[in-house]
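Student: I am new to this structure and would like to learn how its labels are justified. Could we go through it together?
Tutor: Gladly! Let us look at it first.

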Amino acid sequence: MPGGIDKVRKTSLKFFKEKDYKIWQSSLLFANARFKPIFLGTLQPNTTLSKLMKRVCDTQKYIRAPEVCVAATLTETYRMESSDSDRWTKAMSMIKEFEEQCATPIGRLRQVADAMTAEMHAGLASEGGSKLKMLNSYVHNLPTGDEHGLFYALDLGGTNFRVLRVQLGGKDGPGGKYLNNDVAAAVILGTGTNAAYVERAHAIPKSGEMVINTEWGNFRSSHLPVTEYDQALDQDSLNVGEQIFEKIISGMYLGDIVRRVLCKMAEEAGFFGDVVPPKLKTSEMCAMNHDTSPDLAVVGSKLKDIFGISDTSFETRRVVVELCNIVATRAAHLSAAGILGILKKMGKDTVKEGEKQRTVVAVDGGLFEHYTEFRSCLKSTLNELLGDEVAHTVVIEHANDGSGIGAALLAASHSQYPKV
Ligand code: ADP
Ligand code: MG
């Protein structure tokens, strides 16, 4: 291609101008970090992407990688009818608007965390004083690690009902590994969401140290980024106006938020032709978000299997991934802000002079466990919110089956042991 990239660019711009196309600033189209190395010329050898690029380059040796990409994008655009292009533009502007409404910059997250702390105070101070119920669990004596014996526990989750049989044998026995004295708070991110923490004695009138069940799923605040899609989801739910925090961050809803945006894009911008996506589980959203194949084959096959839409273009798939990313990122950011709120309430968001401090937040739930992007985003956001020094003292730990094992441990620590 003599003349290089510049000529490709000029010729194509001229072509589109003559055809009366609008020029659309598309940060989104190239937002995918996967392709950044191609444009920066830092593609590592032996990666899937580099092999793919090599295959193209081998047959057209004089074309540099960026030119191949631009050329490929152009060929696709050339084929678009002008009305298709209008629809695409409309779909892109809808997604861009959604992204803006979902924005959770660090300042906003701090406001959310402060609001969470304030609501916790209010909920403790009086019954009905807050959206947060802040329920006394009446658990004062936490397990010591000396518990032993065989215990059964029932864990009735939003989706899964688990029955556990836990054999405890003291600190060194099979149950001993569950004891961690540094755990100060626990969060569940599964079908729904909730958090509990150990409250200091003086904060609870007429009582000692106690585990408090925050019921934080019902948290709401003017600082939460609520979009028209969240409002519609709420209106269609069985508990209208309740559990607003949960409806933005937990597994039962994330897939449905994505579906709702896709629906509107389908209806108003013909994003999928005439098809309107009926249903999307968070686990399927997760699989699409994690698709690392160069042609986004997983996204392609999910769109086919779930929505019955075949032959989706690469661009379409990329937009779907971007949408999953927007929804998952907002959820992870807000979960981190919620955890910061709890750490603040416990006074663990600062490092005390000369004190060796370690705070463990135990997290369980299918969303946290399986949605890797969500999990790592939550962790990095919490670190950013805490700042380097404090971040070193706070650990997020995955507590597998924590809900059930916790119940078994409590049964154990509240049982009478006959002396042997
Ligand atoms: P619960 O205890 O509330 O029943 P779990 O902790 O067992 O919930 O997690 C199940 C939930 O986790 C599912 O309802 C789903 O929302 C979410 N989930 C399961 N698998 C995945 C996945 N691969 N990616 C994202 N979310 C998932
Ligand atoms: Mg559960």
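**Around the ligand**

Tutor: Let us start with ligand 1: one of its oxygen atoms lies 3.5 Å from a backbone N or O atom of L367. Keep in mind that this is a predicted model.

Student: What makes the pair formed by T159 and ligand 1 a polar contact?

Tutor: A polar backbone atom of T159 is 2.8 Å from an oxygen atom of the ligand. The cut-off for a pair of N or O atoms is 3.5 Å, so this pair counts. The side chain of N160 also takes part, with an N or O atom 2.7 Å from an oxygen atom of ligand 1.

Student: How much of the accessible area of ligand 1 does the protein cover?

Tutor: On its own the ligand has 570 Å² of accessible area, and the protein covers 83% of that. Helix 9 (251–269), helix 10 (282–289) and helix 13 (366–370) each give two or more residues to the shell around ligand 1.

Student: Which residues come nearest to ligand 1?

Tutor: There are 17 residues around the ligand, and the nearest are G158, T159, N160, R162 and G366.

**Two residues in helices**

Student: Helix 13 also holds H370. Why is H370 called exposed?

Tutor: Its relative accessible area is 52%. Exposed means over 50%, so the label fits. H370 still touches C286, H290 and R375, leaving aside residues up to four places away in sequence.

Student: And why is E99, in helix 5 (residues 82–101), called partly exposed?

Tutor: E99 has a relative accessible area of 33%. Buried would need under 20% and exposed over 50%, so a value in between is called partly exposed. With residues up to four places away in sequence left out, E99 touches E322 and I326. The C-alpha atoms of E99 and V327 are 8.6 Å apart, although 228 residues separate them along the chain.

**Helix 16**

Student: How do you know that the span of helix 16 agrees with what is expected?

Tutor: Helix 16 has 12 residues (402–413), and at 1.5 Å a residue they should span 16 Å. The end C-alpha atoms are 16 Å apart, so the two values agree.

Student: Which residues of helix 16 are buried, and what puts them on the same side?

Tutor: The buried ones are G404, I405, A408, L409, A412 and S413. They cover an arc of only 165° around the axis, so they lie on the same side of helix 16. In an α-helix there are 3.6 residues a turn, so residues three or four places apart point the same way. Strand 2 (148–156) and strand 3 (161–169) are among what covers the buried residues of helix 16.

Conventions: Residues are numbered from 1 along each chain as its sequence is written. Chains are lettered from A and ligands numbered from 1 in the order in which they are written. This is a predicted model: local features need pLDDT of at least 70, side-chain atom pairs count only at pLDDT 80 or more; totals for chains, interfaces and linings use all residues. Side-chain values use heavy atoms; hydrogens and water are left out. Helices (H or I, at least four residues) and strands (E, at least two) are DSSP runs, numbered from the N terminus. The expected span of a helix is 1.5 Å times one less than its number of residues. Buried means under 20% relative accessible area, exposed over 50%, partly exposed in between (1.4 Å probe, protein chains only). The arc is that of the directions from the helix axis to the C-beta atoms. Contact means heavy atoms within 4.5 Å. A residue is near a molecule or strand if one of its heavy atoms lies within 4 Å of it. A polar contact is a pair of N or O atoms within 3.5 Å; within protein, one must be able to donate a hydrogen and the other to accept it, and residues adjacent in sequence count only if both atoms are side-chain atoms. Accessible areas come from the Shrake-Rupley method with a 1.4 Å probe; for residues, only the protein chains shown count as cover.
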